Amino acid sequence: MATGDQDGDQLRTDSKGRHAPLREDEVERAFDALVARGRPRLFRTVAELLASGVIAGMEISLGVLAFLAVEEATGSELLAGLAFGVGFIALLLGNSELFTEGFLVPIAVVLAKEAGWWRLLRFWGITLFGNLLGGWLTMWMVVVAFPKLGSTAVATGRTFAESGFTLRTFLLAVLAGSVMTLLTRMRIGTSDDVARVIASLTTALLVAGLSMYHSVLDTLFLFGGIHAGAGYGYGTWIAFFGWTVLGNAVGGIGLTSFLRLVRSHERLYEWRHTAPESNRP
């Protein structure tokens, strides 16, 4: 019996010789959850990834609809941002994929050697395409079905279309990427659906209510304005999108994901040194 306990303690000793009582179980369990939940997502078929991405684009457009309706009625961006939480709650309960929610989790899977890098790129590319396709279609339906919101859609989209390539807009994109990745971590860190909903509403207030720059979410505002006959077009959107994706990646990958992985580096080390080659097709 004593030998078994000693063997167990030895297994729980990390690369720095720290024993079980000195290890942060909550942090390690959270990292294990990242890998466990993320691996199946990277091994979905192309059809499954595309369908999930399109659904997410449609669901997050419901948040845009709520935002436009509340802003039209109240003139308050903060209240509209809170209403935008409808979209995040739909994503949460619908288990669909939003592009920038795929920073921390799939990267953790790849670094843990549970999947190859090409699967990550495949995941990102198909998910993003699906988000844009679903969002473009749904925003067309929103503008046609709610013509009174057309002027608000044009005005909101113009905010992003005319923002330019400045340090301010880049930092707003960095903050948005960081906050969205934090949302992913908070959702995985609890099994309480009420806490997840609160996290979704809080994130919506920060990202939409404070007009942070998010590549997919703000693209939907631009799509809405374009469908409503705005003076800006798809060329303007492409420029905005490229600038914002870069900022989102710096915030979501370079800051939040990197620091989370550094905090869990011992557990990551263990995953990397126990993963068989067959896990990385």
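In the predicted model, Arg122 is a buried residue that forms no salt bridge, the nearest side chain of opposite charge being that of Glu48, at 7.0 Å. With a cut-off of 4 Å between a side-chain nitrogen of Lys or Arg and a carboxyl oxygen of Asp or Glu, the distance of 7.0 Å to Glu48 leaves Arg122 without such a partner. Arg122 is placed in helix H7, which spans residues 117-145, and its side chain instead reaches the backbone oxygen of Arg44 at 2.6 Å. When residues up to four places away in sequence are left out of account, Arg122 touches Leu42, Arg44, Thr45, Val46 and Leu49.

Arg44, which supplies the backbone oxygen reached by Arg122, also takes part in a salt bridge through its own side chain, with Glu97 as the partner and 3.1 Å between the closest N and O atoms. Glu97 belongs to the loop between H5 and H6, whereas Arg44 belongs to the loop between H2 and helix H3 (46-74), so this pair ties together parts of the chain that lie 53 residues apart in sequence. The two partners are covered to unlike extents, as Glu97 is buried, with a relative accessible area of 3%, while Arg44 is partly exposed, with a relative accessible area of 22%.

Glu97 is also paired with Arg41, and in this salt bridge the closest N and O atoms are 2.7 Å apart. Arg41 lies in helix H2 (residues 25-42) and Glu97 in the loop between helix H5 (85-94) and helix H6 (104-111), so the pair ties together parts that are separated by 56 residues in sequence. Both Arg41 and Glu97 are buried. Glu97 thus appears in the salt bridge with Arg41 and again in the salt bridge with Arg44.

In total, seven salt bridges are counted in the model. Among them is a pairing within a helix, in which the side chains of Arg196 and Asp193 meet at an N to O distance of 3.7 Å. Both residues lie in helix H10 (residues 193-207), where they are three residues apart, or about one turn of the helix. Arg196 is buried, at a relative accessible area of 15%, whereas Asp193 is partly exposed, at 43%. Elsewhere, Asp32, Arg267 and Glu270 are joined into one network by salt bridges that share partners.

Helix H7, which holds Arg122, also contributes to a nonpolar patch on the surface. This patch, of about 640 Å², is made by Met58, Trp136, Leu137, Trp140, Met141, Val144 and Tyr234, and H7 gives the most to it, with five residues. Trp136, a member of the patch, lies in helix H7 and is partly exposed, with a relative accessible area of 35%. Val144, another member, is likewise placed in helix H7, but counts as exposed, at 53% relative accessibility. Although Val144 and Gly224 are 80 residues apart in sequence, their C-alpha atoms are separated by 9.9 Å in space.

Technical notes: Residues numbered from 1 in each chain as written. Predicted model: local features only at pLDDT ≥ 70, side-chain atom pairs only at ≥ 80, totals over all residues. Heavy atoms only, no water. Helix = DSSP H or I, 4+ residues; strand = E, 2+ residues; numbered from the N terminus. Buried < 20%, exposed > 50% of the residue type's maximum accessible area, 1.4 Å probe, protein only. Lys, Arg positive; Asp, Glu negative; His and termini not counted. Polar contact = N/O pair within 3.5 Å; in protein donor to acceptor, adjacent residues only side chain to side chain. Contact = heavy atoms within 4.5 Å. Patch = residues over 30% accessible without salt bridge, like charges linked within 9 Å, V, L, I, M, F, W, Y side chains within 5 Å. Areas by Shrake-Rupley, 256 points an atom, 1.4 Å probe, with all protein chains shown as cover.
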